[in-house]
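Trainee: I am new to this structure and would like to understand why its features carry the labels they do. Could we go through them one at a time?

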Amino acid sequence: MTEFDFIRQYLQRQKSEGLILGIGDDAAIIRPSNGFDLCFSADMLVKGRHFFEDVLPEDLAWKILAVNLSDMAAMGAKPRWVLLSAALPELNQDWLKRFCDSFFALAARFDTVLIGGDTTKGDLVFNVTIVGEVPTGRTLRRDAAEVGDDIWVSGQLGLAAAALNKHLGHYQLPSEIMAVCDDKLLRPEPRVSLGQALLPFAHAAQDVSDGLAQDAGHILKASAVGAEIFADCVPSLPELKNVLSREQWLSAVLAGGDDYELIFTAAPEDRERVCQAAEQSGVPVAQIGKITDSGRLNILDAEGGVLELTSLGFDHFG
């Protein structure tokens, strides 16, 4: 199989409204919808850094796309188009079919279309560029948090980090708990519908990819505010508290990363609207703190004491 056979057989599958010219030319042509702004994002995933060498191709394809869909969710955008570039050691047809079937199945769930990219020979490196649409002037941004806002997160945090630490041999997990955590690590659920439901009233938002404390810090810095987050209010798998030490649990939930949930802020008077948005999108949310004028992030224990974390989250060059 040649590179061009691979493109024709596996990648030229989709068409969509707004796509004028797709895969097969030197560039794709898209036509944005009237009254919408475009959001662009890109993520690179590298073997040994973002995924293990023995990962199943269907799980790998899911995560590669899901982490990019999560960026659109954090902006309140509707994902529309993606470009996929891949460095592959060989063109194994069984591996490619499983990878592409999973990639396109997830893309179809969110009406997202592959419109181009690049392939080369290399050691499993993937880059996805994603383009989404959001009503003009209504994007969720990091720089819009206001003093007095509630801080919320979606889903459960710490599961992916717990699975990763089990894989790395840092601690043990019972098999039934590991199965739940591993699914979160391998197949995160992008919160696209929640992001769009929050657009009319939420202030700032960010997806939690590198650790809750670190990603919350991005909002605080961009908005020039501070925050208090109550550690024991952060939602997680209840069983994790029973099998991990307190230090391990706090590290996984507050600084573990790979959650791909949303952290967002909204005015206290909009609590009912937040709950309605969560119900509408089928995603649980929890209120975990508030925005302050302190200019710093304080993470508090149940008695109100300030917790000192050895790490706030993941850093590629840390």
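Mentor: Let us begin with a definition, since a salt bridge here is a side-chain nitrogen of Lys or Arg within 4 Å of a carboxyl oxygen of Asp or Glu. Please keep in mind throughout that this is a predicted model.

Trainee: What makes K97 and D101 a salt bridge?

Mentor: The closest N and O atoms of K97 and D101 are 2.7 Å apart, and a salt bridge asks for a distance within 4 Å, so the pair qualifies. Because K97 and D101 are four residues apart in helix α3, about one helical turn separates them. In general, an α-helix has 3.6 residues a turn, so residues three or four places apart point the same way.

Trainee: Why are K97 and D101 both called partly exposed?

Mentor: Partly exposed covers values between the 20% limit for buried and the 50% limit for exposed, and K97 has a relative accessibility of 44%, so the label fits. D101, at 33% relative accessibility, therefore counts as partly exposed as well.

Trainee: How do you know that E53 and K47 form a salt bridge, and which label does each residue carry?

Mentor: Their side chains meet at 3.7 Å, N to O, which is within the 4 Å limit, so the pair counts as a salt bridge. E53 has a relative accessible area of 61%, which is over 50%, so E53 is exposed, whereas K47, at 21%, is not under the 20% limit and therefore counts as partly exposed. The structure holds 17 salt bridges. Another of them joins R141 to D143, with the closest N and O atoms 2.7 Å apart, and salt bridges that share partners join K47, E53 and D123 into one network.

Trainee: Why is K184 called buried?

Mentor: K184 has a relative accessible area of 11%, and buried means under 20%, so K184 is buried. K184 is found in helix α5, residues 175-186, and, leaving aside its neighbours within four places in sequence, is in contact with residues including D258, D259 and E261.

Trainee: How do you know that the structure holds zero disulfides, taking C275 as an example?

Mentor: A disulfide is a pair of cysteine sulfur atoms within 2.5 Å, and the closest cysteine sulfur to that of C275, in C233, is 14 Å away, so C275 is too far for a bond. The count for the whole structure is zero disulfides. C275 is partly exposed because its relative accessible area is 42%, while C181, at 0% relative accessibility, counts as buried.

Trainee: What makes up the contact between the two domains, and how much area is buried there?

Mentor: The protein is divided into domain 1 (3-135) and domain 2 (149-300). The contact takes 23 residues from domain 1 and 20 residues from domain 2. Domain 1 and domain 2 bury about 1700 Å² between them, 62% of it on carbon and sulfur atoms. In domain 1, F52, W62 and K63 lose the most area to domain 2, together 29% of what that side buries.

Trainee: What makes R109 and E189 a salt bridge?

Mentor: The side chains of R109 and E189 meet at 3.0 Å, N to O, and this is within 4 Å, so the pair is a salt bridge. The count between domain 1 and domain 2 is three salt bridges.

Methods: Residues are numbered from 1 along each chain as its sequence is written. This is a predicted model: local features need pLDDT of at least 70, side-chain atom pairs count only at pLDDT 80 or more; totals for chains, interfaces and linings use all residues. Side-chain values use heavy atoms; hydrogens and water are left out. Buried means under 20% relative accessible area, exposed over 50%, partly exposed in between (1.4 Å probe, protein chains only). Domain bounds come from an automatic or database domain assignment. Contact means heavy atoms within 4.5 Å. Buried area is the accessible area (1.4 Å probe) that two parts lose on being put together, summed over both. Helices (H or I, at least four residues) and strands (E, at least two) are DSSP runs, numbered from the N terminus.
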